[in-house]
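Colleague: I would like to understand how the words used for this model are earned. Could you take me through them with the values beside the cut-offs?

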Amino acid sequence: MNSDSDLSIAGDILEVQHLLQPARPHPSTVSEFVGLARSIAADRDRWAPLVQYDTATRWYHRLRAVPQTLGSDPAGEAPIGYEVWLLSWVPGQGSGRHDHGLSSGVLTVLEGELTEHTARGAQRLGSGAQRVFAPGYVHEVVNDSLEPAVSLHIYFPGLTDMPMHSAQCAPAARNAVPA
């Protein structure tokens with residue numbers, strides 16, 4: 001990375017407000033995906049009526065799946081350019097340690113509080129908090145508060161693999177629920 005870039009100086013794109021772009025119909029940069037997440041989060045009337053809470057299993061709902069632009073995929077394939085997921089978390093629910101395969105992503109907490117565990121430690125994410133991650137980023141997301149939480153997840157390209165990293169997860173869990 002160029003040592004004179006805003007990102008190398010600031011260290012976190014979410015801290016460099018002038019780099020964050022408004023949502024476009026077909027985002028193509030990390031900052032545009034962050035802008036898309038912020039615009040969806042701001043449209044509470046659209047997502048809030050969809051939210052459900054399930055104490056037996058984590059609830060999730062795909063809000064949007066957008067294919068890659070025409071001509072960018074190999075012949076005969078139709079890969080997903082990006083996906084938008086809405087997830088709810090009752091107290092105690094978590095994702096397990098995982099990564100997102102070849103996908104990058106943006107996680108936005110819409111309501112409540114979640115805790116993200118990474119190799120660098122735990123970080124509480126309150127309503128409005130966002131995390132941006134690249135392929136191979138290993139984390140676990142948990143609702144360890146006493147109130148339910150809701151989060152929005154954007155994966156680009158669309159999520160095709162979610163390898164689990166904890167010892168208690170069986171290999172069959174590789175294509176698990178988004179987190």
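Modeller: What follows is a conversation about aromatic pairs and about burial. This is a predicted model, in which local features need pLDDT of at least 70 and side-chain atom pairs count only at pLDDT 80 or more, while totals for chains, interfaces and linings use all residues. Residues are numbered from 1 along each chain as its sequence is written, and side-chain values use heavy atoms, with hydrogens and water left out.

Colleague: Why is the aromatic pair of Y60 and W85 called tilted?

Modeller: Rings of Phe, Tyr and Trp (its six-membered ring) pair if their centres lie within 6.5 Å, and planes under 30 degrees apart count as stacked, over 60 as edge-to-face and the rest as tilted. The centres of Y60 and W85 are 5.6 Å apart with 55° between the planes, so the pair falls under tilted.

Colleague: What makes W85 buried, and what makes Y60 partly exposed?

Modeller: Buried means under 20% relative accessible area, exposed over 50%, and partly exposed in between (1.4 Å probe, protein chains only). W85 has 12%, and is therefore buried, whereas Y60 has 37% and therefore counts as partly exposed.

Colleague: Why is the pair of F133 and Y137 called stacked?

Modeller: Its planes are 10° apart, with 5.7 Å centre to centre, so the angle meets the definition of stacked. Both F133 and Y137 are buried.

Colleague: How do you know that G94 counts as partly exposed?

Modeller: The relative accessibility of G94 is 32%, which means that G94 belongs in the partly exposed class.
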